[in-house]
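Trainee: Hi! Got a minute to go through a structure with me?
Mentor: Sure, put it up and ask away.

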Amino acid sequence: MTCPYCNAPDTRVIDSRPASEGGAIRRRRECENCGRRFTTYERAQVEPLMVLKRSGRKETFNPEKLLRGLLLACEKRPVDTEALQRFAYSFEDNVDTAEITSEEIGLKALAFLREQDPVAYIRFASVYREFNSVENFIDEIRRLEQREGKAQGRHAKRRAPQS
């Protein structure tokens with residue numbers, strides 16, 4: 001760390017301790033050239049999650065935008081609004097990369113909605129996948145029913161009494 005008084009490149013740490021309830025480290029330093037003391041704070045810098053759009057453009061992830069889409073899909077449906085908010089606002093915490101495609105966000109949202117409400121899932125899918133015909137809706141509903149049938153079959157096998 002460079003001394004703020006004489007710009008000497010060598011300073012030594014005299015004392016270190018947590019600051020800001022553990023969100024930073026406070027370091028007391030002394031310049032080896034001029035002998036003056038000063039304090040520095042070290043904090044983690046978190047980079048925002050970047051979204052790569054279909055057009056190739058990048059933008060910062062906005063949980064409000066995701067939440068708007070989820071709320072629209074769930075309008076007048078028996079879905080817990082708090083669950084939607086938790087999903088949208090914790091989305092960044094569950095992504096391990098600094099960049100994600102809008103397609104990946106849509107797929108994660110679809111998987112979440114499939115567990116919440118089938119109608120909300122179909123509504124979101126119709127916008128996300130740009131349905132342009134009734135057949136698109138029918139095909140997606142059939143796929144959803146097949147998945148639910150398979151899932152119920154797995155659950156029934158687990159619950160079957162053993163002789």
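Trainee: Is Glu99 buried, exposed or partly exposed?
Mentor: Glu99 counts as partly exposed, with a relative accessibility of 35%. Bear in mind that we're looking at a predicted model.

Trainee: Noted. Which residue does Glu99 form a salt bridge with?
Mentor: Its partner is Lys58, and the closest N and O atoms of the two are 2.8 Å apart. Lys58 sits in strand E5 (residues 58-60) and Glu99 in strand E6 (residues 99-101), so this salt bridge ties together parts that are 41 residues apart in sequence.

Trainee: And how accessible is Lys58?
Mentor: Lys58 has 47% relative accessibility, so it counts as partly exposed.

Trainee: You mentioned E5 and E6. What order do the strands of their sheet come in?
Mentor: The order is E5-E4-E6, an open sheet of 3 strands with mixed pairing. E5 and E6 are at the edges with a single partner strand each, so each has one side without a neighbour in the sheet. From one strand to the next, the twist averages 30°.

Trainee: How many bridges join E4 to E5?
Mentor: There are 3 bridges between strand E4 (residues 50-52) and E5, and the two run antiparallel. To find your way on screen, look for Met50, which stands opposite Thr60 in E5.

Trainee: Which helix lies across E4 and E6?
Mentor: That's H3, running at about 70° to E6.

Trainee: Back to charges. How many salt bridges does a search of the whole structure find?
Mentor: The search finds 8. One of them pairs Glu42 with Arg27, with the closest N and O atoms 3.1 Å apart. Glu42 belongs to strand E3 (residues 37-43) and Arg27 to strand E2 (residues 24-31), so the pair ties together parts 15 residues apart in sequence.

Trainee: What's the relative accessibility of Glu42?
Mentor: For Glu42 the value is 43%, which makes this residue partly exposed.

Trainee: Which residues are linked in a network of salt bridges?
Mentor: Arg12, Glu30 and Arg37 are linked that way.

Trainee: What about Asp117, which residue does that one pair with?
Mentor: Asp117 forms a salt bridge with Arg77, and their closest N and O atoms are 2.8 Å apart. This pair links distant parts of the chain, 40 residues apart: Asp117 is in the loop between helix H3 (102-116) and helix H4 (118-128), while Arg77 is in the loop between helix H1 (63-73) and helix H2 (81-89).

Trainee: Are those two buried or partly exposed?
Mentor: One of each. Asp117 has a relative accessible area of 5%, so it is buried, whereas Arg77 counts as partly exposed at 29% relative accessibility.

Trainee: Changing topic: how many disulfides does the count come to?
Mentor: The count comes to 0 disulfides. Cys31 is in none, and the nearest cysteine sulfur, that of Cys6, is 3.6 Å away.

Trainee: Why doesn't 3.6 Å qualify?
Mentor: Because a disulfide here needs the two sulfur atoms within 2.5 Å.

Trainee: Where does that leave Cys34?
Mentor: Cys34 is in no disulfide either; the nearest cysteine sulfur belongs to Cys31, 3.7 Å away.

Trainee: Which of the two is buried, Cys31 or Cys34?
Mentor: Cys31 is buried, with a relative accessible area of 2%. Cys34, at 34%, is partly exposed.

Notes:
Residues numbered from 1 in each chain as written. Predicted model: local features only at pLDDT ≥ 70, side-chain atom pairs only at ≥ 80, totals over all residues. Heavy atoms only, no water. Salt bridge = Lys/Arg side-chain N within 4 Å of Asp/Glu carboxyl O. Helix = DSSP H or I, 4+ residues; strand = E, 2+ residues; numbered from the N terminus. Buried < 20%, exposed > 50% of the residue type's maximum accessible area, 1.4 Å probe, protein only. Pairing = 2+ DSSP bridges. Axes fitted to C-alpha atoms, helices over the stretch in contact; angles between N-to-C directions. Contact = heavy atoms within 4.5 Å.
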